[in-house]
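Good morning, colleagues. Today I should like to discuss a pocket and two backbone angles; please take a moment with the sequence and the structure.

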Amino acid sequence: MVNNDNSEEFDQKIIEIQKNNPTLPYLVASTWKNKDSEKMWVIFKLESKTEDQVIKKIIEEINDGIKQFTGNSSSIICCHIPEIDSFSGLENSSAVKNATNQLFDEKKLEYLWGIIYFSDYQIKKMVNSHFQSFYPMISLANSTSKCNFEGQREVSCGKMGTSPTTK
């Protein structure tokens, strides 16, 4: 139990809960005062009533892609997710990152550098009437990978990556 008057202790408890439960969707905490003006903490755990079918389908597609590799050469998987404006923030804690890391941990795919999630090509008007074109994307590296990439090359999800060799 956490003393209601000690916010630093409470913050540490929340961090500990999140660290020990990486799949925990969201914790929202707030304080309020009861009728005796005692400070009280309120914690909400937010999650969907139904299982996330989008993440499940993405991981199914990636598993189908993994079956196409021989494991003899370094590889990168590019996964197109339509209609995403930005992947900003997903590199921290997100369902996509957690599911991807779980896949890496379970399968021990040393030949797989990682997975690049990207979306539809975008053109944005910048200052001075200049335009920027890009694919919104995020790359999640496989910590068990033994890939070493040297030199630039084209990959199917845009100009990125390098020529692969395996350590």
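The lining of the second largest pocket in this predicted model comprises 7 nonpolar residues, 3 polar and 1 charged. The charged one is Glu61, since Glu counts as charged. Gly65, Gln68 and His80 are the polar members of the lining. Among the nonpolar lining residues are Ile58, Ile62, Phe69 and Ile76, and Ile77, Cys78 and Cys79 also belong to the lining. The space in this second largest pocket amounts to about 210 Å³.

Which elements supply at least two residues each of this lining? They are helix H2, residues 53-66, and strand S3, residues 75-80. The greatest contribution comes from S3, which gives 5 residues to the lining of the second largest pocket.

I turn now to the backbone. Two residues other than glycine have positive phi values: glutamate 83, near 65°, and lysine 108, near 50°.

Where do they lie? Glutamate 83 sits in the loop between S3 and helix H3, the latter spanning 95-107. Lysine 108 is found in the loop that joins H3 to strand S4, residues 112-118.

Are these two residues buried or exposed? Glutamate 83 has a relative accessible area of 71% and is therefore exposed, the cut-off being over 50%. For lysine 108 the relative accessibility is 52%, so lysine 108 also counts as exposed by that cut-off.

To close, please return to the view of S3: this strand gives the most to the lining of the second largest pocket, and the loop between S3 and H3 holds glutamate 83.

Conventions
Residues are numbered from 1 along each chain as its sequence is written. This is a predicted model: local features need pLDDT of at least 70, side-chain atom pairs count only at pLDDT 80 or more; totals for chains, interfaces and linings use all residues. Side-chain values use heavy atoms; hydrogens and water are left out. On a 1 Å grid over the protein atoms alone, a cavity is a set of points where a 1.4 Å probe fits but cannot get out, and a pocket is an open set with protein on both sides within 12 Å along at least five of seven lines; lining residues have an atom within 4 Å of a point. Grid points are joined across faces, edges and corners, and a volume is the space filled by probe spheres set on the points. Helices (H or I, at least four residues) and strands (E, at least two) are DSSP runs, numbered from the N terminus. Buried means under 20% relative accessible area, exposed over 50%, partly exposed in between (1.4 Å probe, protein chains only).
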